[in-house]
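Hello,

Here is the structure I said I would pass on. My notes on what was found in it follow below.

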Amino acid sequence: MSLVIRKAEERDAPAIFNFIRDLAEYERLAHEVDATQADIAKALFGPAPRVFADIAEWDGEAAGFALWFYNFSTFRGRHGIYLEDLFVRPAFRSRGIGKALLRHLARRCIDEDLARLEWWVLDWNEPALQVYRSIGAVPMDEWTVQRVTGEALRHLAEEP
């Protein structure tokens, strides 16, 4: 059995979109997905992409993916990587594919002199938390995520 991690290509857009939907279903958030396959393809493969993806293939079959983008730490004065989504199809779990995707991004951080690799995880996702603890990830408990979206975002943009 062989694992290959490669940069996503435009032909991967349907698989990536399916991974996103499967992840949302797993996270019990399918009702929040309003992106289309065309949206994802445009974001990843349009003229000036600001988001990127890597595909994990097991014996030539798409087994998982990582979707990420560059962020910036003013405290460190350097960019980092924010991992938006990491997903391995259930049939391919427990083979080290998720860790391999994380390792691939960690290598990118080292090669590009990036300050950090970070992501969010749902607090009930114990299988993922165990993997993250095993690789030395540290929870940022002192931070609270804030988000403005939908009507609140429109209202904020229009406030004087």
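**Phe72 and strand S3**

Setting aside residues up to four places away in sequence, Phe72 touches Gly77, Arg78, His79 and Arg116. Please keep in mind that this is a predicted model. Phe72 lies in strand S3, which covers residues 61-73. With a relative accessible area of 44%, Phe72 is partly exposed, because that value falls between the 20% limit for buried and the 50% limit for exposed. Phe72 and Asp59 are 13 residues apart in sequence, yet their C-alpha atoms are 36 Å apart in space.

**The chain as a whole**

The protein chain has five helices and five strands. Read from the N terminus, the elements follow the order β-α-α-β-β-β-α-β-α-α.

For 160 residues, a compact globule would have a radius of gyration near 15 Å, and the 17 Å of the protein chain agrees with that. The C-alpha trace spans about 60 × 35 × 35 Å along its principal axes.

Of the 160 residues in the protein chain, 32% are buried. Among the contacts with a separation of 6 or more, 57% are made by residues 24 or more positions apart. The accessible surface of the chain comes to about 10800 Å², and carbon and sulfur atoms account for 54% of that. The protein chain carries 20 positive and 26 negative charges, and the mean positions of the two sets are 5 Å apart.

**Helix H4**

Which residues of helix H4 (residues 126-134) are buried? They are Ala128, Leu129 and Tyr132. These residues cover an arc of only 100° around the axis, so they are on the same side of H4. The cover over the buried residues of H4 includes strand S4 (78-88), helix H3 (97-111) and strand S5 (117-119). Just after H4 comes Gly136, with a positive phi of about 95°.

**Loop residues**

Most residues other than glycine have a negative phi. Two residues with a positive value are described here.

- Arg28 has a phi near 65°, which is positive although the residue is not a glycine. Arg28 is in the loop between helix H1 (13-26) and helix H2 (37-45). Its relative accessibility is 58%, so Arg28 counts as exposed.
- Ser94, also not a glycine, has a positive phi of about 70°. Ser94 is in the loop between S4 and H3. Is Ser94 buried or exposed? Ser94 is exposed, with a relative accessible area of 83%.

A further loop residue is Gln146, which is placed between H4 and helix H5 (150-158). Gln146 has 66% relative accessibility and therefore counts as exposed. How far apart in space are Gln146 and Leu67, C-alpha to C-alpha? The two are 21 Å apart, with their positions 79 residues apart in sequence counted as the separation.

**For a first look**

A possible order for viewing is to begin with Phe72 in strand S3, then turn to the buried residues of H4, which are Ala128, Leu129 and Tyr132. After that come Arg28 in the loop between H1 and H2, Ser94 in the loop between S4 and H3, and Gln146 in the loop between H4 and H5.

Regards

How values were computed:
Residues numbered from 1 in each chain as written. Predicted model: local features only at pLDDT ≥ 70, side-chain atom pairs only at ≥ 80, totals over all residues. Heavy atoms only, no water. Helix = DSSP H or I, 4+ residues; strand = E, 2+ residues; numbered from the N terminus. Rg over C-alpha atoms; globule rule 2.2 N^0.38 Å. Buried < 20%, exposed > 50% of the residue type's maximum accessible area, 1.4 Å probe, protein only. Contact = heavy atoms within 4.5 Å. Areas by Shrake-Rupley, 256 points an atom, 1.4 Å probe, with all protein chains shown as cover. Lys, Arg positive; Asp, Glu negative; His and termini not counted. Charge placed at Lys NZ, Arg CZ, Asp CG, Glu CD. Arc of directions from axis to C-beta.
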